Amino acid sequence: MLINALSIKALSINALAIKTMLIKSFLVALLLSLPLSAQAALAIQHWQTPQGARVFFVESHELPMLDIAVDFPAGSARDPVGKAGLAHLTHGLLDQGAGGLSDTAIAHRLADVGAVLSGRLDRDRAGVTLRTLSSAAEKDKALDILARVLQRPGFPQAVIKREKQRLISSIREAEADPGTVASKAFYRALYGTHPYAHDEAGDPAAIARLTRGDLQAFYRTHYSVPNVVISLMGDVTRAEAEAIAVRLTAGLSRAAALPALPQPAPATASDTRIAHPSTQSHVLVGMVGMARNDPDYFPLFVGNYVLGGGGFDSQLMREVRDKRGYAYSAYSYFLPMSEAGPFQLGLQTKLEQTDDALKVAQATLRQFIAEGPSEAELTQAKSNLTGGFPLRIDSNRKILDYLSVIGFYKLPLDYLDSWVDQVNAVDVAAVKQAFARRVDPDKLVTVVVGTGNAR
Amino acid sequence: MRSLWAIGLALLLGSAQAALTDVTLDNGMRVIVHEDRRAPVMVSQVWYRAGSMDEFNGTTGVAHVLEHMMFKGTKNVPPGEFSKRIAAAGGRENAFTSRDYTAYFQQMQKDRLALSMQLEADRMANLVISDELFAKEIQVVMEERRLRTDDQPQSVLVERLMATAYQAHPYRRPIIGWMDDLQNMTAQDARDWYARWYAPNNATLVVAGDVKADEVIALAKQYFSALPAGALPERRPQAEPAQVGVKRIVVKASAQLPYLLMAWHAPTLKDWAQDTTPYALQILAGVLSGNDSARLQTSLVKMQQIAVNASAGYDAVSRGPGMFMIDATPAPGKSVDTLEKAIRNELERVQREGISEAELARVKAQVIAADVYQRDSLFYQAMQLGEYVTAGLPPAALAGRVGKLRAVTAAEVQAAAQQWLQDDRLSVAELDPQPLDAQPARANVPGVRHAN
């Protein structure tokens, strides 16, 4: 986290003051949309290992490198009751001692061959990614480490103690950030007792109580062959990719595929105000939105471009920022998850104009739901989404992310081939109907962090 | 003229680096094209050699404010149209301002470069800054400052540290500007800035992607050649006087954890072929930090458990002076003093004993691999070209970077640590966390109690 603030090139990048922070909507756009036009279709290969692990692969020899993602349904929504943070801690411990190697030995061996091992964790997924040179010696050493990390994490007692402390510190450090406070409160208000309610990072008190046995049990039941999805992108042949998939999964447990998460109930309208010593209020408004397999996916996705997903091209940005100067960033998105993820609208504004900005955002949403986008707005949205499609698959990294989403969420392999057509098929009526079904402006969950007086 | 060095060097290094074209138009505008055909897309960036370091006291932040105003319409393109046209063509666009430059970019399908150039050429010469739109946008910028700096305790610490480490050099001023300057800024300030710096002879166009260099040059001539060169003001060096002793500050801010930042004045790359110290300092940063196997992480976080995070950073490429930095968050129960002592011990160990050949080889392996990995990002490659050129370095310096880093010896790293990581060059900033539930001081929003 802090490494980014000071790492060699990132120093200057972070020191930049960028015109807009579209980062949120940007990331969400990536998650939401997996476009692929017919003319540039990726040849996605898919198979199962003899053991039954699901594999997704795109072969590309343009750069001498290989990217691998290994994902499990082991995100924070799988935390047992009272153990919020178990998924996070288990995931974080994977490479901190494994297969007879210490944490430092693992780090050295990876660095020696220039390989980069990373992790990612959200409510649904726990993933490990590896980027390595594809030259034989480097690749073999990097894969050896990845296999140990996936199959034989040691969960050493002393390291657990240390990492618990670091995890709790990072959670506490983030409490100074009003955006983080708002996001946590928003999910709590939206999901109540559903496992999506608590934050991915977990709860400090619960983390402090976790034991080595908790981690081992969680690892065994979640990091198993029936649960794993392997994605490979880059400079290997199909035969090699098959061998790598076998090698990476050989020692995983056979614990059964996990059951689906419960379906979230619709949230009731609420208004949460949290005091915070910040100069701005962070405002979040939303509802329980849609799941990955929702039939309204495309109308909601394309429609949201007009409402708040299209950056400077969106109504929220125009009303909140351009016309009134209320906020630097104003956006909305649907985050599709295994079960219904949130629909969220957000902005940040100085304290004394909080209610004014909130009213503008609410009115914009209300009007959008009542009237939908205009024909011209929808045409603009479709032009951007379909015309910008090649940018979404212009790097190995991006393609790898798409492979793992396809694999994890069990999207059909030909889903991408029809994506542009699906976007083009959306019309104003479909957007209006889909939003009317999903977003009720009288049942919104509202969270405001930063006002001096909590309610 | 197509330059041949890139090809020659690529062969030497055994890599398949694409050729680079680097020309200057008659009006002084530089055009650099990096051909890369992996995907049918391109990125186009216009870099102006005008950043916050070119500002004056009283109008800090104006470089960045102007960047915002560049999207607010011209004589030919109404407000909001720029973004709308790029979006309609499937493009992504944005801009960024740094201490050294302001840059604007579009990412699009490869056949849409003409649109991007047409719009950029137009706003290079024809910008209209209305009082009305300025009044709205300056509010947006103040919100941006609150979001990125005022409400982020570690950002406040960085800002105050820079203002301490530099006393004369303009790097002491924040890119976003001081809030008081933003509150008093006028549309005329932005117009003056635009008139002073926005001219083809102060700009570099970098295009990377699935394009043909000769076609890009032809388009650049078509759209930019008609713009006249401007009379650029003389740039004074404003060199920072030598520091004469360690500097220390404490910043109180609402936060849960303390945080420590240490910064030493350091050289930057000037003569890329002859300089050695900047490369040695880059390797040093890699030995100390940069990945999970580096010294600060291994020693302070894993073994001694004095820190929960610790990292080092150094940027060799900039117009102004350089800085070698270390930041760290103490582990629970450990004081900032203890943490600083532990960091100093690590640095003294390098100064006294040097680094091992294994460590050196490890950092070099990462440099070589990272050079391959970065080719996965068109945007990053274009960005690096823009940064080098804006800092006054030739593209050859970028192509030669890996070779130079590979040539660094352990003795050079030790010597660089001895020479540059000295107390007389050091500024230290400590974040003193204040309770989050205390009633905050609202000095920067006078007269405001709270919102209901």
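**Exercise 1. Identify the residue of chain A with which R362(B) forms a salt bridge, and place this pair within the interface.**

Solution. R362(B) forms a salt bridge with D112(A), and the closest N and O atoms are 2.7 Å apart. The term denotes a side-chain nitrogen of Lys or Arg within 4 Å of a carboxyl oxygen of Asp or Glu. The model is a predicted one, in which local features need pLDDT of at least 70, side-chain atom pairs count only at pLDDT 80 or more, and totals for chains, interfaces and linings use all residues. Residues are numbered from 1 along each chain as its sequence is written, chains are lettered from A and ligands numbered from 1 in the order in which they are written, and side-chain values use heavy atoms, with hydrogens and water left out.

Next, consider the interface as a whole. Across the interface of chain A and chain B, the rule finds four salt bridges. In contact (heavy atoms within 4.5 Å) are 91 residues of chain A and 97 residues of chain B. The two chains bury about 8100 Å² between them, 56% of it on carbon and sulfur atoms; buried area is the accessible area (1.4 Å probe) that two parts lose on being put together, summed over both.

**Exercise 2. Determine how many residues apart E242(A) and R238(A) lie in helix α11 of chain A.**

Solution. Side chains of opposite charge can pair when their charged atoms come close. The side chains of E242(A) and R238(A) meet in a salt bridge, at 2.7 Å from N to O. Both residues lie in helix α11 (residues 238-249) of chain A, four residues apart, about one turn of the helix. Helices here are DSSP runs (H or I, at least four residues), numbered from the N terminus. Over all chains, a search of the whole structure finds 51 salt bridges.

**Exercise 3. Describe how helix α14 of chain A crosses helix α18 of chain A, and classify the residues of their contact.**

Solution. First, the geometry: the axes of α14 (residues 354-371) and α18 (residues 428-438) of chain A come within 7 Å and cross at roughly 125°. Therefore α14(A) is oblique to α18(A). Angles under 35 degrees count as roughly parallel, over 145 as roughly antiparallel, 65 to 115 as roughly perpendicular and the rest as oblique. Axes are lines fitted to C-alpha atoms, for helices over the stretch in contact, and angles run from 0 to 180 degrees between N-to-C directions.

Second, the residues: F368(A), I369(A), A370(A) and E371(A) in α14(A) meet V431(A), K432(A), F435(A) and A436(A) in α18(A). By class, this contact has six nonpolar, no polar and two charged residues. Ala, Val, Leu, Ile, Met, Phe, Trp, Tyr, Cys and Pro count as nonpolar, Asp, Glu, Lys and Arg as charged, and the others, Gly among them, as polar.

Technical notes: Helices (H or I, at least four residues) and strands (E, at least two) are DSSP runs, numbered from the N terminus.
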